[in-house]
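Trainee: I have just opened this model and would like to look at its internal empty space. Could we go through it together?

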Amino acid sequence: MYDTDHNLVNAHGAGVMYHNGVYYLFGEIKKGKTWSVSGQSWEDYRVPAGGISCYSSKDLKHWKYEGVALSPVKGQPDNDLDTGRVIERPKVIYNSKTKQFVMWMHIDKKDYSYSQSGVAVSDNPIGPYHYISSVKPNGQMSRDMTLFKDDDGKAYLIYSSEQNNTMQVCLLSDDYLHPTKTYSRILVNRRREAPAMFKNEGKYYLITSDCSGWSPNAATYAVADNILGPYKENGNPCVGPGANTTFQSQSTYIIKVRGKNNYLFMADRWNKTDLEKSDYLWLPLTVNNGKVEIKSVAAAN
Ligand code: GAL
């Protein structure tokens, strides 16, 4: 995927915000040599945390590079934004009361023991974003995460918690800068990550992946009448050859395509031993009578 300057798009674990007729894409900048963190019980491949990039588009096809929305820092190992840390899965929403753009992201140490959500703000959609701090919502671990802004203006942080065993949904404060005490445990003991949420006809749909690091696995989805749950699991939304590995990808975000009653499922095709070379997979997602379908690459091409 190339931007309008013919450079490869560098925006992994991405999210999209639609604002005043423009789609803004935010993602992890992965640049540099991938290394393996020693002493881990799992395949912990890492690349320097490169901060968060921003691209804009009016048609979801032509993406203009808008620069680094949130810069990392170098040589400050205790700083959340140090290049030796983990800065992943950024998601941005607009707060119409404070008129600020609010970015939440997963902040971690290279061994994933920190498990916090970081927040940054900007007056401008493309940034630069000013980093505030990171938090364990209500003292709970938070790793893979997403943000969801509901029709009533309330916003929620959805994250893998409890050592990735259980997800949680937490209502944010009115300014979107803090977790509130209102939160629920969902998909309890189901070991899901890479959450991506959308709303269709009043119901909340949550697509997640299994926990297998950078290696792809089968997505599943769950549906709820209330964003805080309970969620009913409904199986794999992918259809066709490759459905058992989400077509070699892992969910990151779902965009409602304006003016149409369908969605775009966005996923990452990780290249674990050379993360900079990771690719993307964007596929149409449909909902028919409550059944979610994501069709195979061949069918979508
Ligand atoms: C994945 C997760 C990615 C990244 C990776 C590290 O499971 O979804 O965002 O954290 O693990 O191994």
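Mentor: What follows is a short discussion of the cavities. This is a predicted model, where local features need pLDDT of at least 70, side-chain atom pairs count only at pLDDT 80 or more, and totals for chains, interfaces and linings use all residues. Residues are numbered from 1 along each chain as its sequence is written, and side-chain values use heavy atoms, without hydrogens and water.

Trainee: How many cavities are there of 30 Å³ or more?

Mentor: There are two. A cavity is a set of points on a 1 Å grid over the protein atoms alone where a 1.4 Å probe fits but cannot get out; lining residues have an atom within 4 Å of a point. Volume is the space filled by probe spheres set on the points, which are joined across faces, edges and corners.

Trainee: What volume does the largest cavity have?

Mentor: About 60 Å³. Its lining includes E28, R46, P48, G50 and R85.

Trainee: Which elements give two or more residues to that lining?

Mentor: They are β2 (22–30), β5 (49–57) and β7 (86–95). Strands are DSSP runs of E, at least two residues, numbered from the N terminus.

Trainee: And the second largest cavity, what lines it?

Mentor: That cavity, about 40 Å³ in volume, has M1, L25, D268 and W282 among its lining residues. The largest share, three residues, comes from β21.

Trainee: What classes of residue make up that lining?

Mentor: Nine are nonpolar, one is polar and one is charged. For the largest cavity, the lining has six nonpolar, one polar and five charged residues. Ala, Val, Leu, Ile, Met, Phe, Trp, Tyr, Cys and Pro count as nonpolar, Asp, Glu, Lys and Arg as charged, and the others, Gly among them, as polar.

How values were computed
On a 1 Å grid over the protein atoms alone, a cavity is a set of points where a 1.4 Å probe fits but cannot get out, and a pocket is an open set with protein on both sides within 12 Å along at least five of seven lines; lining residues have an atom within 4 Å of a point. Helices (H or I, at least four residues) and strands (E, at least two) are DSSP runs, numbered from the N terminus.
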